[in-house]
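User: I should like to go through the reasoning behind several assignments in this model. Please set each value against its criterion.

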Amino acid sequence: MLDIPKAELHVHIEGTMEPEMVFELARRNEVELPYSSVAELRSRYEFTDLQSFLDIYYANMAVLRTRRDFRELAAAYLRESARQGVRHAEIFFDPQAHLARGVEMAPIVEGLSEGIAEVADSGVTAELILCFLRDESAGSAMDTLRLAEPFLDHIIGVGLDSAEVGHPPSKFTDVFERARELGLRAVAHAGEEGPAEYVREALDLLRVERVDHGIRALYDPGLVDRLRREQTPLTVCPLSNVRLGSFDHLSQHTLPRLMAEGLMVTINSDDPAYFGGYVGENFSAVREHLGITREQLRQLAANSVRASFLGSERKSALL
Ligand code: HPA
Ligand code: ZN
């Protein structure tokens with residue numbers, strides 16, 4: 001299935017930083033790590049829920065300091081993904097987490113853009129989606145959007161990530177409205193650990209064009225009907241959902257039910273350096289453990305191209 005052309009629509013660039021790179025950047029930037037080896041760091045990747053992952057995800061980010069770091073991070077992710085059949089990626093980044101350490105918006109956004117440009121000759125394209133941290137205030141999100149305004153040429157849209165429960169989409173209605181005024185597209189994490197109601201809020205208040213995760217929509221039959229009718233894409237991340245405890249084992253994942261309901265489902269990696277695989281490994285895993293057929297994998301890959309923000313010509317070329 002590596003040969004099937006696909007788009008990746010749900011990946012956090014900071015979550016693509018492999019343990020080896022964490023150590024390399026720590027050395028280069030003289031950041032002290034609380035681990036003595038790559039193996040010790042990797043042994044900490046046993047998560048019980050989203051927050052237990054986020055704690056180590058934010059801690060590791062401390063090594064990302066310079067334009068070069070962001071460039072190398074994006075290029076490494078895209079090279080590996082291109083090997084797995086990804087022809088286009090829409091990549092999340094978390095500027096607030098870097099601004100808090102004194103890293104400015106310019107090296108973040110321009111560094112990531114340089115990384116994307118560096119791999120263009122391998123035929124893979126990418127766009128950037130600025131994510132607001134939902135466990136920070138709406139004011140902080142608005143300030144971040146203002147800081148991003150000089151760089152909007154590099155940014156296709158906004159998203160919403162980090163700790164979900166207790167931080168409903170409604171908190172960010174004004175920020176998303178401002179983002180839309182600036183011509184940005186909108187997506188949001190909803191229904192990963194939070195309730196189906198958050199998916200409804202993301203659709204109605206943030207007017208998102210895709211829902212990231214969305215797995216908990218299945219608890220609300222009326223919402224499932226709506227998602228089917230509107231063919232709203234869900235960016236599902238199977239290995240992530242297992243590693244963060246939504247399902248005990250991949251064989252219990254509700255991906256087959258989401259597909260049987262006629263929803264517009266895509267398969268993505270979320271944070272591949274932490275969850276055991278890039279998009280190709282996610283495709284292989286659902287084939288092996290959920291009985292997803294090769295034909296269905298083709299459908300999932302085609303969905304990812306259709307659900308992307310690519311123009312119609314490039315979509316047609318990839319379908
Ligand atoms: N969920 C929410 N926020 C995140 C995630 C996730 O899976 N990964 C990185 N930030
Ligand atoms: Zn995510």
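User: What does helix α15 lie across, and at what angle to β8 does it run?

Analyst: In this predicted model, helix α15 (residues 294–306) lies across β1, β7 (233–236) and β8. Its direction is at about 100° to β8.

User: What makes β1 and β8 edge strands?

Analyst: The open sheet has 8 strands in the order β1-β2-β3-β4-β5-β6-β7-β8, with parallel pairing. Strands β1 (6–12) and β8 (264–267) each pair on one side only, and they are accordingly its edge strands.

User: How do you know that β4 and β5 pair?

Analyst: Pairing requires at least two bridges between two strands. Strand β4 (residues 155–161) and strand β5 (residues 185–190) are joined by 2 bridges and run parallel, so the criterion is met. Gly157 stands opposite Arg185 in β5.

User: Why is His12 called buried?

Analyst: The cut-off for a buried residue is 20 or more other C-beta atoms within 10 Å. His12 has 26 such neighbours and therefore counts as buried. This residue lies in strand β1, and its contacts beyond four places in sequence include Asp161 and Asp270.

User: Is His189, in strand β5, buried or exposed?

Analyst: His189 has 30 C-beta neighbours inside 10 Å; the cut-off is 20, so His189 is buried. Among its contacts beyond four places in sequence are Asp161 and His213.

User: Why can the UniProt "binding site" residues be said to gather at one spot?

Analyst: The unreviewed UniProt entry lists His10, His12, His189 and Asp270 under that heading. They span 261 residues in sequence, but no two of their C-alpha atoms are more than 11.6 Å apart, so they gather at one spot.

Methods
Residues numbered from 1 in each chain as written. Chains lettered and ligands numbered in written order. Predicted model: local features only at pLDDT ≥ 70, side-chain atom pairs only at ≥ 80, totals over all residues. Helix = DSSP H or I, 4+ residues; strand = E, 2+ residues; numbered from the N terminus. Contact = placed C-beta atoms within 7 Å. Axes fitted to C-alpha atoms, helices over the stretch in contact; angles between N-to-C directions. UniProt positions renumbered as here; feature names shortened; annotations may be inferred. Buried ≥ 20, exposed ≤ 12 C-beta atoms within 10 Å, placed from the backbone.
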